Amino acid sequence: MALIPPQEGWEKVKVARDEKLWMWVAFLVCIGLFLWMVLWHAYGRQNPSNVTYRVSPQEFMELHDAFVMRYKVGEWNGVPVVRVPEGGDVVLMARQWQWSPIVILKKGAWYTFHISSVDVVHGFSLLPINVNFMVLPDYDYVLRFKPTEAGEYSVVCNEFCGIGHHLMIGKIIVIESEEDLAQYQARGLKLTTTENL
Ligand code: CUA
């Protein structure tokens, strides 16, 4: 709503040339971006792997348990912490209301994540970078990625999944060298094995 009403007959005044030009520029930018949406599927490395497998919650839970038993190196707040060899597979299980396990990765190495839920629909949101995926029961969602920056990443559930939804925060730790682990140990990470991978 304008503070001052426009002059009588404003709608009959011709649009200025500059304004017309900018309207065309904005219009063409919109059309360009619209067409580019299709091209994102072919260009850019932001595309997910498009690989999924059928898996029952029971099977996935067993997969998770075997994975944790094999690669567990410690605990943090009661959640198992695993270290995976470079290029290895990671099993990340979502359930009300926890992500398990906490994963330690090496910067610059490729990993293949298998993500699924063993109960309801959850959402995988990796902060502070912007990675978002739905996590559905019955589907093993495969995600290939290479961490390019060391640091601590939070896995936040972004799909309302019940009363503990806001507590559902997991962790992915990316280290550059073994010394990086010290800062996490100072904050509560308990390593029970120093076996190097
Ligand atoms: Cu899991 Cu919200």
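The exercises below, each with a worked solution, concern a predicted model.

**Exercise 1. The sheet**

Determine the strand order of the open sheet of 8 strands, and state which strands form its edges.

Solution. Reading across the open sheet, the order of the strands is E9-E8-E11-E12-E6-E3-E2-E13, and the pairing is mixed. The edge strands are E9 (131-135) and E13 (190-191), each of which pairs on one side only. Within this order, E8 (residues 122-127) and E11 run antiparallel and are joined by 4 bridges. One residue of E8 can be followed across to its neighbour, since Leu-126 has Val-155 in E11 as its bridge partner.

**Exercise 2. Salt bridges across the sequence**

Find which parts of the chain are tied together by the salt bridge between Glu-176 and Lys-107, and then treat the pair of Glu-152 and Lys-171 in the same manner.

Solution. Begin with the contact itself: the side chains of Glu-176 and Lys-107 meet in a salt bridge with an N to O distance of 3.4 Å. Glu-176 belongs to the loop between strand E12 (169-175) and helix H3 (181-186), while Lys-107 belongs to the loop between strand E6 (102-106) and strand E7 (111-117), so the pair ties together parts that are 69 residues apart in sequence. Glu-176 is partly exposed at a relative accessible area of 48%, and Lys-107 is likewise partly exposed, at 35%.

Turn next to Glu-152 and Lys-171, whose closest N and O atoms are 3.1 Å apart in their salt bridge. Because Glu-152 lies in strand E11 (residues 151-157) and Lys-171 in strand E12, this pair ties together parts that are 19 residues apart in sequence. Glu-152 is partly exposed, with a relative accessible area of 25%. Lys-171 has a further contact, for it lies over the face of Trp-76 at 4.5 Å from the ring centre.

The structure holds 7 salt bridges; among the residues involved, Arg-83, Lys-106 and Glu-178 are linked in a network.

**Exercise 3. Classifying an aromatic pair**

Decide whether the rings of Phe-133 and Tyr-141 are stacked, edge-to-face or tilted.

Solution. A pair of aromatic rings is described by the distance of the centres and the angle of the planes. The count of such pairs comes to 7 in this model. For Phe-133 and Tyr-141 the ring centres are 5.3 Å apart and the planes meet at 40°, so the pair is tilted. The classification follows because planes under 30 degrees apart count as stacked and those over 60 as edge-to-face. Phe-133 counts as buried, since its relative accessibility is 18%.

**Exercise 4. Backbone exceptions**

Locate the cis peptide bonds that precede Trp-97 and Pro-128, and the positive phi values of Asn-77 and Asp-138.

Solution. The peptide bond from Gln-96 to Trp-97 is cis, with omega near 0°, and Trp-97 is placed in the loop between strand E4 (89-95) and strand E5 (98-100). A cis peptide bond also joins Leu-127 and Pro-128, with omega about 5°, and Pro-128 is found in the loop between E8 and E9.

Asn-77, although not a glycine, has a positive phi of about 50°; this residue lies in the loop between strand E2 (72-76) and strand E3 (79-83) and is exposed, with a relative accessible area of 72%. For Asp-138, phi is near 80°, again positive in a residue other than glycine. Asp-138 is found in the loop between E9 and strand E10 (139-145), and counts as partly exposed at 31% relative accessibility.

Methods:
Residues numbered from 1 in each chain as written. Predicted model: local features only at pLDDT ≥ 70, side-chain atom pairs only at ≥ 80, totals over all residues. Heavy atoms only, no water. Phe/Tyr/Trp six-rings, centres within 6.5 Å; stacked < 30°, edge-to-face > 60°. Buried < 20%, exposed > 50% of the residue type's maximum accessible area, 1.4 Å probe, protein only. Lys NZ or Arg CZ within 6 Å of the ring centre and 35° of its normal. Salt bridge = Lys/Arg side-chain N within 4 Å of Asp/Glu carboxyl O. Helix = DSSP H or I, 4+ residues; strand = E, 2+ residues; numbered from the N terminus. Pairing = 2+ DSSP bridges.
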